[in-house]
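Subject: Structure handover

Hello,

Below is the structure you are taking over. My notes on what was found in it follow.

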Amino acid sequence: MRTVFELLPLGIGIALIGALTWFLLDRDIGIGKWLLAALLFAHGWVHVMFLFPRPEGAAATAGGTEWPFDMSRSWLIGGAGLDAGVLRTLGIVMIVATLLAFFLAALSTVGLLVPAGWWAPMVIAGAAGSTVLLLLFYSPALLLGFAINLVLVWLVLASAWSPITGLSRGIGPG
């Protein structure tokens, strides 16, 4: 429970950026698409942190939370007896797939090089890859990643916004 409270300021910041993005998209202000694209790319890029070794002194934060991006610590290694090397290889594949999907979704969001029709499948693929990765190497500090994935899947499945249709079905505020 302590970790959830430690994540609260970051969660509030992400929610505010999300609300600003929604506000801009709702009013069809062009910067909204670019902000959404940046958020998609940033969410994908965060997963790359799994590839880097734990920073010096990051074994525990001041609040006692362990470094969450540690591929050597997985419930599947001890619980299911899976080989750490195989799990790391799977993790790397999931990182690349997640990053690529979110990168393509970001490009599709703003209409650069990737067709708008790819947007929904790439967002879903990115969120699915991210969720698998977060489940494989679960840490309570990664809860925000699950929440972001849930919002992105809702955005697609509710047809709340897409680069093709903009806002639809009157789901937006106002």
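A residue is called exposed when its relative accessible area is over 50%, buried when that area is under 20%, and partly exposed in between. By that rule Leu150 is exposed, because its relative accessible area is 62%. Leu150 lies in helix α6. The C-alpha atoms of Leu150 and Ile124 are separated by 9.9 Å, with the two positions 26 residues apart along the chain counted as their distance apart. Please keep in mind that this is a predicted model.

Overall layout

The protein has 6 helices and 2 strands. Their order along the sequence is α-α-α-α-α-α-β-β. Of the 174 residues in the protein, 39% are buried. Among contacts with a separation of 6 or more, 63% join residues that are 24 or more positions apart.

Helix α2 and its contact with α4

Helix α2 covers residues 31-46 and helix α4 covers residues 84-109. Their axes come within 8 Å and cross at roughly 175°. Angles over 145 degrees count as roughly antiparallel, so α2 is roughly antiparallel to α4. On the α2 side, the residues that meet α4 are Lys33, Leu36, Ala37, Leu40, Phe41, His43, Gly44 and Trp45. On the α4 side, they are Leu99, Phe102, Phe103, Ala105, Ala106 and Thr109. Sorted by class, this contact has 10 nonpolar, 3 polar and 1 charged residues.

The length of α2 was checked as well. With 16 residues at 1.5 Å a residue, α2 should span 22 Å, and this agrees with its end C-alpha atoms, which are 22 Å apart. The buried residues of α2 are Gly32, Leu36, Ala37, Leu40, His43 and Gly44. These residues are on the same side of α2, because they cover an arc of only 140° around the axis.

His43 and Ser130

Two buried residues deserve a separate entry. His43 is found in helix α2 and counts as buried because its relative accessible area is 9%. Apart from its neighbours within four places in sequence, His43 is in contact with Phe102, Ser130, Gly145, Ile148, Asn149 and Leu152.

Ser130 lies in helix α5. What is the relative accessibility of Ser130? The value is 0%, so Ser130 counts as buried. With neighbours within four places in sequence again left aside, Ser130 is in contact with His43, His47, Thr98, Phe102 and Asn149. Phe102 and Asn149 therefore appear in the contacts of His43 and also in those of Ser130.

Helix α5

Helix α5 covers residues 119-136, and Pro121 lies in this helix. For its 18 residues, a span of 26 Å is expected at 1.5 Å a residue; the end C-alpha atoms are 26 Å apart, which agrees. The buried residues in α5 are Trp119, Met122, Val123, Gly126, Ala127, Gly129, Ser130, Leu133, Leu134 and Leu136. Pro121 is partly exposed, because its relative accessible area is 44%. Pro121 and Leu104 are 17 residues apart in sequence, and their C-alpha atoms are 9.9 Å apart in space.

Helix α6

Helix α6 covers residues 143-157, which makes 15 residues. From its first C-alpha to its last, α6 reaches 21 Å, close to the 21 Å expected at 1.5 Å a residue. Its buried residues are Leu144, Gly145, Phe146, Asn149, Leu152, Leu155 and Val156.

Positive phi values

Most residues other than glycine have a negative phi. Which value does phi take at Ser159? Ser159, just after α6, takes a positive phi of about 50°.

Asp28 is not a glycine, yet has a positive phi of about 55°. Asp28 lies in the loop between α1 (2-26) and α2. With a relative accessibility of 66%, Asp28 counts as exposed.

Leu113 also has a positive phi, near 65°. Leu113 is in the loop between α4 and α5. Leu113 is exposed, because its relative accessible area is 86%.

Regards

Notes: Residues are numbered from 1 along each chain as its sequence is written. This is a predicted model: local features need pLDDT of at least 70, side-chain atom pairs count only at pLDDT 80 or more; totals for chains, interfaces and linings use all residues. Side-chain values use heavy atoms; hydrogens and water are left out. Axes are lines fitted to C-alpha atoms, for helices over the stretch in contact, and angles run from 0 to 180 degrees between N-to-C directions. Helices (H or I, at least four residues) and strands (E, at least two) are DSSP runs, numbered from the N terminus. Angles under 35 degrees count as roughly parallel, over 145 as roughly antiparallel, 65 to 115 as roughly perpendicular and the rest as oblique. Contact means heavy atoms within 4.5 Å. Ala, Val, Leu, Ile, Met, Phe, Trp, Tyr, Cys and Pro count as nonpolar, Asp, Glu, Lys and Arg as charged, and the others, Gly among them, as polar. The expected span of a helix is 1.5 Å times one less than its number of residues. Buried means under 20% relative accessible area, exposed over 50%, partly exposed in between (1.4 Å probe, protein chains only). The arc is that of the directions from the helix axis to the C-beta atoms.
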